[in-house]
Amino acid sequence: MDHEGTQRYGHGRPGTGPPGQPSAPPRPTSPVPRPTVPPPMPAKAPPASALEIWLRTPRAADAPGIYGFGHRPRPKPDPKQLPARRLLGGALLSLLVGLLVWSMFRDGYFDFWIWPAIWVTPDHWRSGAGGDTNAFNVVTRVWAWVCTLALAWVCARIGNWGQVWRRFVTPALGRLVDEPEGPAAAEAGVPDLVEWPELRAAQQHALADRLAAEVRTGRMNDVDYTRIRRAWADVLADPGRLQAFTDGVLRDGGEACGHPSGARDVPHRGAPHDLLTRQVRIGRGIEDERNPYQHRGSGIALDPTLLGTGLLVVGPSGSGKTRQVVRPAAESLCLQALAGQAAVVAVGTAGSDLGPADAYDVVISLADPASRYDLDLYGTDDPDAAAGTLAEALVDAHSGGSGDVRRAATALSQILGPFLAARGRFPAIPELRELLDGTPHAFAALRDALDAAGAPGMVRELNARERQTAQRGDIGALLADRVSLLDRPAFAGFFDVTGRTRPFSMRALEHPIRVRIDLPRHGHAEAARILVRLVLAQFTAAAVARRDRSLFACLVLDDAAHTVTPESVRGFARLRSANAGVVMALRTLDDAPEELRTALLGAMGCRMAMSGVTTWDGKRFAEAWGTTWVETRDITRTPDQSGGLPRRLSRGVRKLFTGEAVTTESVTVREVERERWSASDLAHAVPAGHAVLSLTATTGEHAPPILLDLRG
């Protein structure tokens, strides 16, 4: 029965069957499909993508401003620790002395080392009675090994061999062991970011698998990864977005939740970036005793927690402010904007190195007829707020104080309010100039429009402004002169208020937008300063007034000369709580009003003095950075008068040959309070391509001044 069943299902073989019975002829059977052989296992894992390696690289930052990507925190130095040269020299000397002593014992120069072996062994072991001395030889060899180990222990203690092992050998072995031989792997106990642990924790395994495949195949970059993580955080805050997020990820993979511009990276990166920690590396800390030990030899980086307190960069032309500090900061903010984390407005002269135009969504080239975008002169629909920002821009703090700014704001509000009530818009540049000049027909036309609109209150405001124009010393004439700098043919077509175009307004800071404003390079220097002050005032007001402050908003000023005003300094402190910041570059502190220089340094949490600053600027930085306690050694040398006649005779012979009297030294060690960096050191001791930077984070952490190499 078994045989028949076997033949029935086609698994029997001809000539087989129960013993003693002839085998049945084979029946025709259908061909049996051969089992599929699994493919051989690869000899090694496929190479990891660049994004995998980036995600699995450990990050650690034990102090503000340290570039965490791949950083290994160094232990706190022990003040009692010997210098490396002295330690290695002592260890080598103890080793040589130990070898010398060991060789002398071995060669028989000293025989007292064997006495203990003689004392503890019977005489007949040494005399050879009975013809056997093997026992004594064994005892001698054991005792020789004990003496050798004792000599090695003494030399190791004297030469600090244990400290040499811990300081030099162990780190070297650790680097060899940690050297990756294959693709990067996640550390034990650390979530593997390649597998999207946030999504898996929310039971979104299909989405996690889809995105992990994008990471492994190299179809996703660091901007995509950071952008999707940001989108998932928004989903957790608003679960109603989950369906749209799921559909986008399953459909587009790494391109899901894209930036409105469609860009996934900037055209060129000029500095190392780590978007997971939102850092950009700008240099390397120098191995200098004045630097904190955490920053010595470590990468120095900027991030929103530092820029949120403000960054002031002071250095002469050619010191590297734009190329090595300002542009990396603007580039990092552009990448964060693509990831949905920031909004940036960069202001510089035409041709300044703030990155290519393709790295920005909006490029406003003022005084360039080919510019596709315009700038909103008022930045708001509130006439009083518009008057305040415009007054701050028109009044130069070098020539006028805060009183002039208040008078200017009052005069402008007396014009902007009635004009908005009559025409439904703010005045254009020529119209504003006429009203500030006190042109009679301009006031008459505006008054008629107000009467037609039925706004008697605004008529009283306009009449008050008209009466003041006739008074001597009225600020309207000064404002008209300032406005006339913008009423030039080069600016024709800009600052449109008629609604034909949609000029850029700072109210767009609630969106991840990248804006660059190019100022005229030649011939309009004073107008450019007015525009920079206008942008700064509008940015401060708009950043504080945002309803949604989840995006980090930052204003980057490549040249902030003559832009600092009392109101802007007060505004810097408000930006910190509004998740916003400002980066300012100055050639010298003389470009700020004298009465505001100390306040400016106090308002900025991060201060950088480039190589080549003057001693006057260095003095301001030294005062801002304060003092610290340092240990000093005072050495006093006095003629040696001790000893008897032989010693005095030897000192006389030594003085005869060397020409110097023999002296004794007394060392006094004490702690004194000194400046962290003096004005002279900042002006003359900072090498080219270097800078001194102090940092303060929005969390309250701070780092004292750090000497860093901007080219490292």
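Visitor: How many bridges join strand 5 to strand 7, and do the two run parallel or antiparallel?

Guide: This is a predicted model. In it, strand 5 (residues 342-349) and strand 7 run parallel and are joined by six bridges. One residue pair to look for is Gly348, whose bridge partner in strand 7 is Asp518.

Visitor: Which other strand pairs with strand 7?

Guide: Strand 6 (residues 362-365) does, in the parallel sense, over four bridges. Asp518 appears here again, as the bridge partner of Ser365. Asp518 is thus the strand 7 partner of Gly348 and of Ser365.

Visitor: How should I read the two faces of a strand?

Guide: In a regular strand, side chains alternate between the two faces of the sheet. For strand 7, one side holds Arg514, Arg516 and Asp518, and the other holds Val515, Ile517 and Leu519.

Visitor: Are those faces of strand 7 covered or open?

Guide: Both are covered, and the named residues on either side are all buried. Strand 7 spans residues 514-519, and six of its six residues are buried.

Visitor: Which residues touch the most other members of the largest nonpolar core?

Guide: A nonpolar core is read as a set of buried residues joined through side-chain atoms. In this structure the largest one has 97 residues, and Leu366 and Ile517 touch the most other members. Helix 20 (residues 525-545) supplies the largest share of this core, eleven residues. Apart from it lies another core, of 63 residues, with Leu193, Ala208, Ala271 and Val280 among them.

Visitor: What does Ile517 touch, beyond its sequence neighbours?

Guide: Leaving out residues up to four places away in sequence, Ile517 touches Val345, Ala346, Val347, Gly348, Ile364, Leu366, Leu375 and Val535.

Visitor: How do I check the length of a helix, taking helix 20 as the case?

Guide: Compare the distance between the end C-alpha atoms with the span expected at 1.5 Å a residue. The 21 residues of helix 20 should span 30 Å, and its end C-alpha atoms are 30 Å apart, so the two values agree. Helix 20 is also mostly covered, with 15 of its 21 residues buried.

Visitor: What does that check give for helix 3?

Guide: Helix 3 (residues 84-106) has 23 residues and reaches 33 Å from its first C-alpha to its last, close to the expected 33 Å. Its buried residues are Leu87, Ala91, Ser94 and Gly98. After helix 3 comes Gly108, with a positive phi near 90°.

Visitor: Why is strand 2 described as largely enclosed?

Guide: Strand 2 (residues 279-285) is called that because five of its seven residues are buried.

Visitor: Which strands pair with strand 2?

Guide: Strand 1 (residues 273-274) runs antiparallel to strand 2, with two bridges between them. Asp274 has Gln279 as its bridge partner in strand 2. Four residues lie between these strands in their hairpin, where Arg278 takes a positive phi near 60°. Strand 3 (residues 299-302) pairs with strand 2 in the antiparallel sense over four bridges, and Val280 stands opposite Leu302 there. Strand 14 (residues 702-709) is also antiparallel to strand 2, joined by two bridges, with Leu708 as the partner of Gly285.

Visitor: Is Gln414 buried or exposed?

Guide: The reading rests on relative accessible area, where buried means under 20%. Gln414 has 8%, so it counts as buried. Gln414 is found in helix 15 (residues 402-423). Outside its sequence neighbourhood of up to four places, Gln414 touches Glu461, Leu462, Ala464, Arg465 and Gln468.

Visitor: Where does Ala599 lie, and how accessible is it?

Guide: Ala599 is in helix 22 (residues 597-603). Ala599 is partly exposed, with a relative accessible area of 33%. Its C-alpha is 7.1 Å from that of Val569, although the two are 30 residues apart in sequence.

Visitor: How many disulfides does the structure hold?

Guide: A disulfide is a covalent bond between the sulfur atoms of two cysteines. The structure holds zero. Cys334 is buried at 1% relative accessible area, and Cys606 is buried at 1% as well.

Visitor: What are the totals for the protein?

Guide: There are 25 helices and 14 strands, and buried residues make up 43% of the 712 residues. The exposed area is about 38,100 Å², of which carbon and sulfur atoms supply 56%.

Notes. Residues are numbered from 1 along each chain as its sequence is written. This is a predicted model: local features need pLDDT of at least 70, side-chain atom pairs count only at pLDDT 80 or more; totals for chains, interfaces and linings use all residues. Side-chain values use heavy atoms; hydrogens and water are left out. A nonpolar core is a set of buried Ala, Val, Leu, Ile, Met, Phe, Trp, Tyr and Cys residues joined through side-chain atoms within 4.5 Å. Buried means under 20% relative accessible area, exposed over 50%, partly exposed in between (1.4 Å probe, protein chains only). Contact means heavy atoms within 4.5 Å. Two strands pair if DSSP finds at least two bridges between them. Accessible areas come from the Shrake-Rupley method with a 1.4 Å probe; for residues, only the protein chains shown count as cover. A disulfide is a pair of cysteine sulfur atoms within 2.5 Å. The expected span of a helix is 1.5 Å times one less than its number of residues.
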